[in-house]
Amino acid sequence: GLTNIYCSRKDVKGDIYDAIENAEKRVWLLGITFSENIHLDELLSTLSEKIAKGLDVKILLLDVFRDTAVFRTFLESVAPEVAKIIHADRSKSQPTDPLFHQRLYSDFTHVCDRLESYPNVGVAVRFYSPTPTCWMMIVDNTAHFQPYTFGRSASQHSSNLCIGANMPVFKFQMQSNGRPFEILEDHFLNLWLTSNVDLFHIEARIAARNRII
């Protein structure tokens, strides 16, 4: 079922946007905050239209208040910022925890704010807690899959420490006897069925963010 391999997420952007625009049955999106190369911001209007037409739209994003997200923040921040986060005295009241100055948290809150303008899309979102293992989009019978790693190339631009978009993107087509697509589809559904935090719960978690951290 493997039909294409793209060097990076940047190279697949056009195909992804076209696929979502032409979707007839479903659009399932799995990522962290969808802020790297392919932006949820740019898809919200189209997704809203697809939902209005009765398509099955599901969006899985990372719950930024879980330890897995905090660990990822450490990997995507410079050492002095990590030290500030680790050594912050949380027994005392402080205006803003240093964790909330990092890109992952900023991207997360930006997405949540934008979703408020698209309530029919917002109800199609759940926030997962396990360690992110892949970025994936399933549109109708096609899956685009990119594995995550905790590593980056030495040649990666130092101003962008994001580690999520570095590996190639693989395109799989549903086959009558092909297992890769089935496995990816099942991966998404298992994560969806075991994620019970929606936008309503996340808003409450944002309000209690200092206590949670």
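Contact here means heavy atoms within 4.5 Å. The structure described is a predicted model, and this criterion serves to introduce Val169, a residue of strand S7, which spans residues 169-173. Once its neighbours within four places in sequence are set aside, Val169 is in contact with Asn4, Ile5, Tyr6, Ser8, Arg9, Val12, Trp135, His144, Phe145 and Gln146. One of these partners, Asn4, is separated from Val169 by 165 residues in sequence, yet the two C-alpha atoms are 8.4 Å apart in space. Val169 has a relative accessible area of 0% and is therefore buried, the limit for that term being under 20%.

Among the partners of Val169 are Arg9 and Val12, and helix H1 covers residues 9-21. Helix H1 is also among the elements that cover the buried residues of helix H2, together with strand S2 (26-30), strand S3 (56-62), helix H5 and helix H6 (119-122). Helix H2 itself comprises residues 44-52, and its buried residues are Leu44, Thr46, Leu47, Ser48 and Lys50. Just after H2, Gly54 adopts a positive phi of about 95 degrees.

A positive phi also occurs before H2, in the loop that joins S2 to H2, where Phe34 is placed. Phe34 is not a glycine, but its phi is about 50 degrees. With a relative accessible area of 5%, Phe34 is buried. Asp140 likewise has a positive phi, of about 55 degrees, without being a glycine. Asp140 is found in the loop between strand S5 (134-139) and strand S6 (142-147). Its relative accessible area of 17% places Asp140 in the buried class, because that class extends to values under 20%.

Helix H5, already noted as part of the cover over H2, also packs against helix H8. The helices span residues 103-115 and 199-207 respectively, and their axes lie 11 Å apart at an angle of about 130 degrees. H5 is therefore oblique to H8. The crossing in which H5 passes H8 is left-handed. On the H5 side the contact is formed by Tyr105, Phe108, Cys112 and Leu115, and on the H8 side by Leu199, Ile202 and Ile206. Sorted by class, the residues of this contact comprise 7 nonpolar, no polar and no charged.

Two of the H5 residues in that contact, Tyr105 and Phe108, also belong to an aromatic cluster, in which ring pairs link them with Phe65, Phe100 and Phe127. The count for the model comes to 8 aromatic pairs, taking ring centres within 6.5 Å as the criterion. A pair of aromatic rings is described by the distance of the centres and the angle of the planes. For Phe100 and Tyr105 the centres are 4.5 Å apart and the planes stand at 45 degrees, so this pair is tilted. Phe100 and Tyr105 are both buried.

From Phe100 the description can be carried to helix H4, residues 79-87, which contains Ile85. Ile85 and Phe100 are 15 residues apart in sequence, and their C-alpha atoms are 9.1 Å apart in space. Leaving out residues up to four places away in sequence, Ile85 touches Thr73, Phe74, Arg90, Pro98, Leu99 and Gln102. Ile85 is buried, with a relative accessible area of 4%.

Definitions and conventions
Residues are numbered from 1 along each chain as its sequence is written. This is a predicted model: local features need pLDDT of at least 70, side-chain atom pairs count only at pLDDT 80 or more; totals for chains, interfaces and linings use all residues. Side-chain values use heavy atoms; hydrogens and water are left out. Axes are lines fitted to C-alpha atoms, for helices over the stretch in contact, and angles run from 0 to 180 degrees between N-to-C directions. Helices (H or I, at least four residues) and strands (E, at least two) are DSSP runs, numbered from the N terminus. Angles under 35 degrees count as roughly parallel, over 145 as roughly antiparallel, 65 to 115 as roughly perpendicular and the rest as oblique. A crossing is left-handed if the near helix is turned anticlockwise from the far one by less than a right angle, and right-handed if clockwise. Ala, Val, Leu, Ile, Met, Phe, Trp, Tyr, Cys and Pro count as nonpolar, Asp, Glu, Lys and Arg as charged, and the others, Gly among them, as polar. Rings of Phe, Tyr and Trp (its six-membered ring) pair if their centres lie within 6.5 Å; planes under 30 degrees apart count as stacked, over 60 as edge-to-face and the rest as tilted. Buried means under 20% relative accessible area, exposed over 50%, partly exposed in between (1.4 Å probe, protein chains only).
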